[in-house]
Structure formats: C-alpha cells, structure tokens
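This report looks at a few local features of one protein chain. Please keep the sequence and the structure in view while reading.

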Amino acid sequence: MPELQETSNLPCDTGSSREVLEREFGDKPVDFSLVHDDWNSNQGKFLPHAVAVEKRAEEVRQWLKARPEKEIVIVTHGGFLHYFTGDWSDSARFEGTGWSNTEFRSYQFSDETGDDTSLVETKASRDGRRGTEKPLSKTEQMELRETTNKSWENNGYVQSKV
C-alpha cells in the first residue's frame, strides 16, 4: 500500500517504480493493484510534508477500519508509524524514529464502531515493551508530536510547508 511509505524524500525513503517492483517481485505472490505509477513521486499526497503525511496516515486508518478482517499486519517505516499510530513516545530514541528495526506493537481502534480512527496500543503490547510505565496523555502526545516534527524538519525527515 503506497500510503505507508516513509515521511521523507531522501533516496533511502523513496520507493522504486511499479515497473521495477514488478520486474523484481513479479514471480512472487505480490498484489500490485494498489501501487500507482506515481506512488514514488514525492508529489501530491506523497509530499514529504507533515500535513501530507498526517493525511496519508488518516487515509490508511480509514481504509483499515473499513476492512472486514479483525487482525491485520502493517509493515512500514518508523517515521510514518508515529503519524499512523499517534504514538510519539520515544520518537527521538533513534535517528528519525522511536521504533527499533523489526519492532512490532499491537494497536486497536479507540472507537471500534464510530468514525474516530484514533489508535491505542493494546495493554499487552505496551506492558511487553514498557512495563507498568504510565502512557502519555493525548495532550502530551500532541506536544511531543510538535517537538518531534520541528526536529525532523531540521534534519530533513519531513518538511513543514506544503
């Protein structure tokens, strides 16, 4: 799903063209139906700007919430995961993210039946990585998001202007 791409336009965060991907993975059971020709253009909804990334994250959450499956695995990038989950704790732990390589966490929608697509980490997931540490409040998460975005802008991981 192209919307899950990383937040920056750095070469290491810019995907290959659909043609290249089909050549490389065409003999594997990979569904390319969601991969648009311009998915790696860093233009439009794929701009490396915080506002565009937040919109992509919301689009993915809406898409997931509408799915009939109860459990879905998302494989994506650490910087994007902060926007996607709304979880900004430890966002400065590593360069550009608070997620370890291959780290996994479990989230669920805070409101399973309504229109709200906010995610909350499951207790088992949080306890497994943080023990009994109290989670950040929504206000603390928002403040940390702003601080992290400023730092990421300074480092070129995301841009502030659309």
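## Two residues with positive phi

N42 has a relative accessible area of 10% and is therefore buried, since buried means under 20%. This is a predicted model. N42 sits in the loop between α1 and α2. Its phi is near 60°, which is a positive value in a residue other than glycine. Most residues other than glycine have a negative phi.

T102 also belongs to a loop, the one between α3 and β1. The phi of T102 is near 65°, again a positive value in a residue other than glycine. Is T102 buried or exposed? With 71% relative accessibility, T102 counts as exposed, because the cut-off for exposed is over 50%. A glycine can be added to these two cases: G86, just after α3, has a positive phi of about 75°.

## Helix α3 and its surroundings

How many of the eight residues of α3 are buried? Eight of the eight are, so α3 is largely enclosed by the rest of the structure. The buried residues are G78, G79, F80, L81, H82, Y83, F84 and T85.

What do the buried residues of α3 pack against? Their partners are helices α2 and α5 together with strands β1 (107–109) and β2 (119–121).

## How α2 meets α3

Helix α2 covers residues 50–66 and helix α3 covers residues 78–85. Their axes come within 8 Å and cross at roughly 65°. Angles of 65 to 115 degrees count as roughly perpendicular, and α2 and α3 are therefore roughly perpendicular to each other. The crossing of the two helices is right-handed.

On the α2 side, the contact is made by A50, V53, E54, R56, A57, V60, R61 and L64. On the α3 side, F80, Y83 and F84 take part. Sorted by class, the contact of α2 with α3 has eight nonpolar residues, three charged residues and no polar ones. An α-helix has 3.6 residues a turn, so residues three or four places apart point the same way.

## An aromatic cluster around Y83

The count of aromatic pairs comes to five. In one of these pairs, the ring centres of Y83 and W88 are 4.9 Å apart. The planes of these rings stand at 85°, so the pair is edge-to-face. Both partners are buried: Y83 has 5% relative accessibility, and W88 has a relative accessible area of 3%.

Y83 also pairs with W152. Here the ring centres are 6.2 Å apart and the planes are at 55°, so the pair is tilted. This pair links distant parts of the chain, with Y83 in helix α3 and W152 in helix α5 (residues 138–155), 69 residues apart. W152 counts as buried at 3% relative accessibility. Together, Y83, W88 and W152 form one aromatic cluster.

## C12 before α1

Where is C12 found? C12 is in the segment before α1 (18–25). The relative accessible area of C12 is 64%, so this residue is exposed.

How far is C12 from R67 in sequence and in space? The two residues are 55 residues apart in sequence, and their C-alpha atoms are 30 Å apart in space.

Definitions and conventions
Residues are numbered from 1 along each chain as its sequence is written. This is a predicted model: local features need pLDDT of at least 70, side-chain atom pairs count only at pLDDT 80 or more; totals for chains, interfaces and linings use all residues. Side-chain values use heavy atoms; hydrogens and water are left out. Axes are lines fitted to C-alpha atoms, for helices over the stretch in contact, and angles run from 0 to 180 degrees between N-to-C directions. Helices (H or I, at least four residues) and strands (E, at least two) are DSSP runs, numbered from the N terminus. Angles under 35 degrees count as roughly parallel, over 145 as roughly antiparallel, 65 to 115 as roughly perpendicular and the rest as oblique. A crossing is left-handed if the near helix is turned anticlockwise from the far one by less than a right angle, and right-handed if clockwise. Contact means heavy atoms within 4.5 Å. Ala, Val, Leu, Ile, Met, Phe, Trp, Tyr, Cys and Pro count as nonpolar, Asp, Glu, Lys and Arg as charged, and the others, Gly among them, as polar. Buried means under 20% relative accessible area, exposed over 50%, partly exposed in between (1.4 Å probe, protein chains only). Rings of Phe, Tyr and Trp (its six-membered ring) pair if their centres lie within 6.5 Å; planes under 30 degrees apart count as stacked, over 60 as edge-to-face and the rest as tilted.
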